[in-house]
Amino acid sequence: DSCSTDRTVEIAQARGARVVQRRFDDWSQHQNWALRQIDFRNPWVLYLDADERCTPELAQEVCRAAADPGDCVAMRLRRKDFYMGRWLRHAQLYPTWLVRMFRPERLHYERLVNPIAVVDGKVGELREHLLHYPFSHGVAHWMARHNRYSDLEAIEKLKVSGGARARWSDVFARDPNVRRRALKDVFFRMPARPLLKFGYYYLWRRGFLDGRAGLTYATLQSFYEFLI
């Protein structure tokens, strides 16, 4: 908990949670601190954001994977994003694979915002999905939050402009996390990025098949790129 001022800690403790607090600086430092300082109860960690939900089917698969992980030290899974009551199957980057289940001693995070999980060891895959509700507090909240994120993304862009770039060969990497980071570096160096992002989400990804939700989401993503 990032020293919140609402009833987050009270509610969590009432439900039996053990709460650890630290003031937020940036995503990767915050999460890396947690990985190294928290005495986790179990050898495996399942990481969820506040606007994500774990389905009963995913919970069962997680327990099976933790009981018999083979030689894997982390698991990646897919996420379904929802807006206006529907799954953004086309207007999002589905399927985006995220490393969310892991042995904490075998992982660390990089990037100030939208951090990338770097795993020391073999990564397996889960078939069930996380459910993601990024607009659960409304569009205004989403825009205010992404305006803050845009500052950190701008810093990451300056790193790329200064020469801290992923290898070109990583664009074709088998690991989705490595490939995603390399593609983001390439995108940072392209002109007219807001227009390109709208065209990619709405036309190339066929976001128009998601109706009004797809159009609105593609527009918001384009505006986020403009803020960066």
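Which helix does E156 lie in? E156 sits in helix 4, and we'll come back to it after a look at the whole chain. Keep in mind that this is a predicted model.

**The overall picture**

Let's start with the fold as a whole. The chain carries 7 helices and 8 strands. Its radius of gyration is 18 Å, close to the 17 Å that the globule rule gives for 228 residues, so the chain is as compact as a globular protein of that length. Along the principal axes, the C-alpha trace spans about 50 × 40 × 35 Å.

How much of the chain is buried? Buried residues account for 40% of the 228 residues. As for contacts with a separation of 6 or more, 68% of them are between residues 24 or more positions apart.

On the outside, the chain exposes about 13400 Å², and carbon and sulfur atoms supply 54% of that area. Counting charges, you get 38 positive and 27 negative side chains, and the centres of the two sets lie 4 Å apart.

**Two nonpolar cores**

In soluble globular proteins, nonpolar side chains tend to be buried together. Here, the largest nonpolar core has 19 residues, and those with the most contacts inside it are Y83, L88, F135, W142, Y217 and Y224. Helix 4 (139–161), helix 6 (193–204) and helix 7 (211–227) are the elements that give two or more residues to this core. The largest share, 5 residues, comes from helix 7.

What does W142 touch, not counting residues up to four places away in sequence? The list is P134, F135, L220, Q221 and Y224. A second core, separate from the one just described, has 10 residues, including L58, C72, M101 and L130.

**Three residues up close**

Here are three single residues side by side, each with its location and relative accessibility.

| Residue | Where it is | Relative accessibility |
|---|---|---|
| E156 | helix 4 | 7%, buried |
| V45 | strand 1 (residues 45–46) | 14%, buried |
| G85 | loop between strand 3 (72–83) and strand 4 (86–87) | 77%, exposed |

Back to E156, then. Why does this glutamate count as buried? Its relative accessibility is 7%, and buried means under 20%. Leaving aside its neighbours within four places in sequence, E156 is in contact with R111, L112 and F188.

V45 is also buried, with a relative accessible area of 14%. Apart from neighbours within four places in sequence, V45 is in contact with F40, R100, M101, F102 and P104. One of these partners, M101, is also included in the second core. V45 and A140 are 95 residues apart along the chain, and their C-alpha atoms are separated by 32 Å.

G85 counts as exposed, at 77% relative accessibility. G85 and R103 are 18 residues apart along the chain, with 34 Å between their C-alpha atoms.

**Helix 2 and its cover**

Which residues of helix 2 (residues 27–37) are buried? They are S28, H30, Q31, N32 and L35. An α-helix has 3.6 residues a turn, so residues three or four places apart point the same way. As for what covers the buried residues of helix 2, strand 5 (97–102) and strand 6 (107–110) are included.

Technical notes:
Residues numbered from 1 in each chain as written. Predicted model: local features only at pLDDT ≥ 70, side-chain atom pairs only at ≥ 80, totals over all residues. Heavy atoms only, no water. Helix = DSSP H or I, 4+ residues; strand = E, 2+ residues; numbered from the N terminus. Rg over C-alpha atoms; globule rule 2.2 N^0.38 Å. Buried < 20%, exposed > 50% of the residue type's maximum accessible area, 1.4 Å probe, protein only. Contact = heavy atoms within 4.5 Å. Areas by Shrake-Rupley, 256 points an atom, 1.4 Å probe, with all protein chains shown as cover. Lys, Arg positive; Asp, Glu negative; His and termini not counted. Charge placed at Lys NZ, Arg CZ, Asp CG, Glu CD. Core = buried A, V, L, I, M, F, W, Y, C linked by side-chain atoms within 4.5 Å.
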